[in-house]
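Trainee: I have the model open, and I'd like to practise arguing from numbers to labels. Can we go through it together?

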Amino acid sequence: RMFHDDELEESEKFYVGQPRVLLLIYALYNTLVARSEMVCYFVIILNHMISASMITLVLPILIFLWAMLSVPRPSKRFWMTAIVYTEVAIVIKYFFQFGFFPWNKHVDYTKDKPYHPPNIIGIEKKEGYVHYDLVQLLALFFHRSILKCHGLWDEDEKGDSSSNKEDTDDELSLTGGRRDSSASLKSVNLAASVESIHVHFPEQQTAIRRKSSSSISQLSHRSSFSSHRSKRGKCYIFKNINHATLSIYFLQCKLCVIKSHCGLCCFRTLQVYVPIRQFFYNLIHPDYSAVTDVYVLMFLADTVDFIIIVFGFWAFGKHSAAADITSSLSEDQVPEAFLVMVLIQFGTMVVDRALYLKKTVMGKVIFQVILVFGIHFWMFFILPGVTERKFSQNTVAQLWYFVKCVYFGLSAYQIRCGYPTRVLGNFLTKSYNYVNLFLFQGFRLVPFLTELRAVMDWVWTDTTLSLSSWICVEDIYAHIFILKCWRESEKRYPQPRGQKKKKVVKYGMGGMIIVLLICIVWFPLLFMSLIKSVAGITNKPLDVSITITLGGYQPIFTMSAQQNQLKSLDPNEFNEFLRSYRGNTAALQFLEGYAREDITRADLEGNSNSLWTISPPSRNKMIQGLLDFDADFTLKYKNMKYLISLFFSRTLEEVYPYYIKAPSDSLAKPIKQLLKDCKWENITVSLVKNTSEEWWVLNQLGKRHKTPHESLELFIFSDKVSPPSLGFLAGYGIMGLYASVVLVIGKFVREFFSGISHSIMFEELPNVDRILKLCTDIFLVRETGELELEEDLYAKLIFLYRSPETMIKWTREKT
């Protein structure tokens, strides 16, 4: 060992010997210390999500447009701004908690109003008004202590003082490498001239300079300066004449201060404008950059937001009653809030993809600024008015905003590091294993996603290929990648020659396919059986109406039962009901499909609720029809016809269906299995006259619950209905599901099993490394701008697929 210390060795042994729980706590604390700035960002965003006011809005915007864009880390000025701003916010909130302010006298009335001015500003009176601000201040002080412990708190001031000692008054020196945000926001020398603007670089350059699309900041010829600079071993070169022009404007405005007040205003404006411009200029045109690619993570964050919108669209609209998107779409209703949110989210994803393909950092910065201000303005000023509730009371909107903040952080990190120089293939095709294989195939199964990605890549990538040729290359690359994954799996799990397949493989893969095919074939029957028995909802009747008509004349009896007249059976009545059919196999088989809550007993008044207002000629004609013994007379009962022969008497035998089945998709029907000897019940009919008024009175003879007055009793058996979320699928019925689901899936399965022979020459390739390298070479020369070579390689790829002999030579195993 080069260095040995007994105390350090004993300390290491001591910590290793600690319990695992304590070691886990140490590790978590070290993680917290290493990412203390992320803790501060999280607390600030959480405070803003809970408070949702203008006071807390400032710091999140500064995080996404200043702190996360600073290189290599946020400056002391930002952290001091955050600390002082938090302290001032706490004092302001405390001051406005006193009751003598007019808006604090009616807090209960105004606390839920989103556009109440104190609620918007954040000075409303409430319990725990400062809890999250104190936690935020504690996190900021914790991060400040961490920076001080590592000597990073005052590094900006040290860098400024050292640069002032080295540089003369007529020179503006940018310290080595890419300067941090504080230097770019503070160091502007007012006495600089055009000839003295230069950039200082260290002798050893370890980073790679990124190629910028805007070449106004490219380096010019090397210059030799004074001897004291050469002794320091530093090289100075000219850079960016625009900075010198701004410095001259600065000097001119400084001279104008003496002459006019307008010059003073211009000078103060430039004092604010120039550092901000310098900050974003250094961000877009860095001297060094650690190129990274986090587009996949940004895409995943946008996808999560898209899913939140789809399943929580009701939270972005005025009314939240329809909380199920499937039920709304099944009724052919597209909510406006859902449509607007989906289009905006999808539009931002398309723009983000375009910026990624064009690799323009300036466009990404502009898009970031617009998106940060636009999202915050919409979420905290427009959305509360649309939904008529505060943002802090909208959980779905809070979740959407938090995921969007994750996207903003990733986007800022992408801007700070710069876009990658080369974008080759899909991110899922970087490795050749089962995980990448199945994820890539799942990616290709998403409707229109592969096509949309291919067209967007063609639009925003420099290429000489036509759209059809581009899609052809993408399809070949996807096919070769899948074959490469299968060949790699065969190498990892080789199958010895002449040995039969293992039972694990046969029963694992084959058994899974058998179960899947059986499930598809019997899916409609299983689905329709379980949808109502397991997940079905009881469909109790709300109104039971009876209408009796003789021979098409004026109805003689109308009555309805509602509310208290519709009663459910208690457990004793239900058990007695079941015992009454003991020994009746048909009845018991029917009753197995119904539970106690599915049976409703309706008690109908025997007196008709409408007068019999038949005209005299129709009355006489009806009497003549009843007196004709040779004719049949029809009695209509709820759209069911019964023939009564011979004559009309006061007792109608076997005409009243005591038990009614109420299906969910058709008219009510009598239940013959529950009637004794399949005979309907008898009822008595009588006509009551009162001066000039007449009405009919009916009474059932064989009632289960005896009543002293005339009445009718009816048992309704209601079928269960499917849940609203699955109603659109259950509405097709068994035959509809077979026609729309099973046959369509069967067609794709049949193509998979029957079209193998036509693709043998493209599927059975022993070694696809050369073809895969040819595809990646096409991507590479396209990124480097060698478009003629791209055409040649594409022609070579097409010739390879047109020539089976050449394909055989290219795909042979290496010997």
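Trainee: Why is Lys-359 called partly exposed?

Mentor: Check its relative accessible area, which is 22%. Buried needs under 20% and exposed needs over 50%, so Lys-359 at 22% counts as partly exposed. Keep in mind that this is a predicted model.

Trainee: What makes Lys-359 and Glu-783 a salt bridge?

Mentor: Their closest N and O atoms are 2.9 Å apart. The cut-off is within 4 Å, so the pair qualifies. In general, side chains of opposite charge can pair when their charged atoms come close.

Trainee: Where do Lys-359 and Glu-783 lie in the chain?

Mentor: Lys-359 is in the loop between helix 16 (336–358) and helix 17 (361–387), while Glu-783 belongs to helix 30 (residues 769–783). They are 424 residues apart in sequence, so this bridge ties together distant numbers along the chain.

Trainee: What about Glu-9 and Lys-13, how do you know that they form a salt bridge?

Mentor: The N to O value is 4.0 Å, and the limit is within 4 Å, so they are counted. Both residues are in helix 1 (residues 6–16), four residues apart, about one turn of the helix.

Trainee: Are Glu-9 and Lys-13 buried, partly exposed or exposed, and what makes them so?

Mentor: Glu-9 has 27% relative accessibility, so it is partly exposed. Lys-13 has 61%, and over 50% is exposed, so that is the label for Lys-13.

Trainee: Why is the contact of Glu-713 with Arg-601 called a salt bridge?

Mentor: Their side chains meet at 3.8 Å, N to O, and the cut-off is within 4 Å, so they pass. Glu-713 sits in strand 16 (residues 711–718) and Arg-601 in strand 8 (residues 599–605), so the bridge ties together parts 112 residues apart in sequence. Glu-713 and Arg-601 are both buried. There's also a network of bridges with shared partners, made of Arg-353, Arg-453, Asp-457 and Glu-474. The structure holds 18 salt bridges.

Trainee: Now rings. What makes Tyr-434 and Trp-486 an edge-to-face pair?

Mentor: Two checks. The centres are 6.1 Å apart, and pairing needs them within 6.5 Å. The planes are 75 degrees apart, and over 60 counts as edge-to-face, so the name fits. Tyr-434 is in helix 19 (residues 434–445) and Trp-486 in helix 21 (residues 467–492), with their positions 52 residues apart in the count. Tyr-434 is partly exposed at 34%, and Trp-486 is partly exposed at 32%.

Trainee: How many aromatic pairs are there in the whole structure?

Mentor: The search finds 34. Ring pairs also link Phe-577, Tyr-581, Phe-590, Tyr-594, Tyr-659, Phe-715 and Phe-717 into a cluster.

Trainee: How do you know that Arg-144 lies over the face of Trp-153?

Mentor: Arg-144 is 5.4 Å from the ring centre, where the distance limit is within 6 Å. There's an angle condition too, within 35 degrees of the ring normal, and the pair is listed as lying over the face. Lys-484 lies over the face of Tyr-432, at 5.6 Å from the ring centre.

Trainee: Last one: which stretch has pLDDT under 50, with 153 contacts beyond four places in sequence?

Mentor: Residues 158–241. Over residues 639–649 the pLDDT is also below 50. For the chain, the mean pLDDT is 77, and 76% of residues reach 70 or more.

Key:
Residues numbered from 1 in each chain as written. Predicted model: local features only at pLDDT ≥ 70, side-chain atom pairs only at ≥ 80, totals over all residues. Heavy atoms only, no water. pLDDT = per-residue confidence, 0-100. Contact = heavy atoms within 4.5 Å. Phe/Tyr/Trp six-rings, centres within 6.5 Å; stacked < 30°, edge-to-face > 60°. Helix = DSSP H or I, 4+ residues; strand = E, 2+ residues; numbered from the N terminus. Buried < 20%, exposed > 50% of the residue type's maximum accessible area, 1.4 Å probe, protein only.
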